[in-house]
Amino acid sequence: KKQMGNRRQARELALKILFQVDLVHCNVNDAVSFAFQVEDISQYSDPDSIISFSQELVRGVLANLTEIDSLIKSNADNWSLERMANIDRNILRVAVFEIVFVENIPKSVSINEAVELAKKYSTENSFGFVNGVLGKIEKKNNQDI
């Protein structure tokens, strides 16, 4: 349960960093250090794991951005990345990175976490959109294995 809370915090942190990089095109290292200054992660049981997992997510998303974005585009019917809300686009990016590139997290967990992030940070219609896009990607990803 603790692990879950830490991972959720790490995803939120990664989302905030990616959101900032996407929105103002700032340097990722600046965004990372800014996020760690602003967020008080010392209150959690394992701040180091939160930092390392959030950095893994940020670096992984940015390193695989072209592939991740093309998966999102091809599974978001009639939605260009530019038309998506910045927050939704980055929630999807984190989840797609987990679904496609991270072996040790169940895909259902990645999708549920993304839906929770959408409920917390985006509009009331977003979580259904996020869930739909990720459901398609997850189905296709399972067929490839």
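Colleague: In which hand does H2 pass H3?

Modeller: In this predicted model, H2 passes H3 in a right-handed crossing. Two packed helices are described by the angle between their axes and by the distance between those axes. For helix H2 (residues 28–38) and helix H3 (residues 47–63), the axes come within 12 Å and cross at roughly 155°. Angles over 145 degrees count as roughly antiparallel, and H2 and H3 are therefore roughly antiparallel to each other.

Colleague: Which residues of H2 and H3 make the contact?

Modeller: On the H2 side they are Val28, Asn29, Val32 and Phe36. H3 contributes Ile51, Ser54, Gln55, Val58, Arg59 and Leu62. By class, the residues of this contact of H2 with H3 comprise six nonpolar, three polar and one charged.

Colleague: May we take Val28 as a single case? Where is the place of Val28, and with which residues is Val28 in contact, leaving aside its neighbours within four places in sequence?

Modeller: Val28 belongs to helix H2. Leaving aside neighbours within four places in sequence, Val28 is in contact with Val21, Val58 and Leu62. Val58 and Leu62 are also among the H3 residues that make the contact with H2. Val28 has a relative accessibility of 27% and so counts as partly exposed. Along the chain, Val28 and Glu39 are 11 residues apart, and their C-alpha atoms are separated by 16 Å.

Colleague: How is the pair H4 and H5 to be read, and at roughly what angle do their axes cross?

Modeller: The two quantities to look for are again the angle and the distance between the axes. The axes of H4 and helix H5 (residues 86–101) cross at roughly 105° and come within 9 Å. Angles of 65 to 115 degrees count as roughly perpendicular, and H4 and H5 are therefore roughly perpendicular to each other. From H4, the contact is made by Leu65, Glu67, Ile68, Asp69, Leu71 and Ile72. From H5, Arg89, Leu92, Arg93, Val96, Phe97, Val100 and Phe101 take part. This contact of H4 with H5 divides into nine nonpolar, no polar and four charged residues.

Colleague: Which residues of helix H4 are buried, and why are they on the same side of H4?

Modeller: The general idea is that an α-helix has 3.6 residues a turn, so residues three or four places apart point the same way. In helix H4 (residues 65–75), the buried residues are Ile68, Asp69, Ile72 and Asn75. They cover an arc of only 140° around the axis, which puts them on the same side of H4. Ile68, Asp69 and Ile72 are also among the H4 residues in contact with H5.

Colleague: How should burial be read for residues in H1, such as Leu18 and Gln9? Is each buried or exposed?

Modeller: The cut-off for buried is under 20% relative accessible area. Leu18, which has its place in helix H1, is buried, with a relative accessible area of 2%. Setting aside neighbours within four places in sequence, Leu18 is in contact with Val58, Val61, Leu62, Asn90 and Val94. Leu18 and Ile68 are 50 residues apart in sequence, with 13 Å between their C-alpha atoms. Gln9 also lies in helix H1 (residues 2–24) and is buried at 17%. With neighbours within four places again left aside, Gln9 is in contact with Tyr44 and Ile50.

Colleague: And in helix H7, which residues does Asn141 touch, and which does Ser126 touch, not counting residues up to four places away in sequence?

Modeller: Asn141 is in helix H7 (residues 126–144) and touches Ile99, Val100 and Lys107. Asn141 is buried, its relative accessible area being 14%. Ser126, likewise a residue of H7, touches Asp88 and Ala118. The relative accessibility of Ser126 is 3%, so Ser126 counts as buried. Ser126 and Asn29 are 97 residues apart in sequence and, C-alpha to C-alpha, 29 Å apart in space.

Colleague: Finally, a matter of the backbone: what is the value that phi of Asn78 is near?

Modeller: Most residues other than glycine have a negative phi. Phi of Asn78 is near 60°, a positive value in a residue other than glycine. Asn78 is found in the loop between H4 and H5. At 71% relative accessibility, Asn78 counts as exposed.

Technical notes. Residues are numbered from 1 along each chain as its sequence is written. This is a predicted model: local features need pLDDT of at least 70, side-chain atom pairs count only at pLDDT 80 or more; totals for chains, interfaces and linings use all residues. Side-chain values use heavy atoms; hydrogens and water are left out. Buried means under 20% relative accessible area, exposed over 50%, partly exposed in between (1.4 Å probe, protein chains only). Helices (H or I, at least four residues) and strands (E, at least two) are DSSP runs, numbered from the N terminus. The arc is that of the directions from the helix axis to the C-beta atoms. Axes are lines fitted to C-alpha atoms, for helices over the stretch in contact, and angles run from 0 to 180 degrees between N-to-C directions. Angles under 35 degrees count as roughly parallel, over 145 as roughly antiparallel, 65 to 115 as roughly perpendicular and the rest as oblique. A crossing is left-handed if the near helix is turned anticlockwise from the far one by less than a right angle, and right-handed if clockwise. Contact means heavy atoms within 4.5 Å. Ala, Val, Leu, Ile, Met, Phe, Trp, Tyr, Cys and Pro count as nonpolar, Asp, Glu, Lys and Arg as charged, and the others, Gly among them, as polar.
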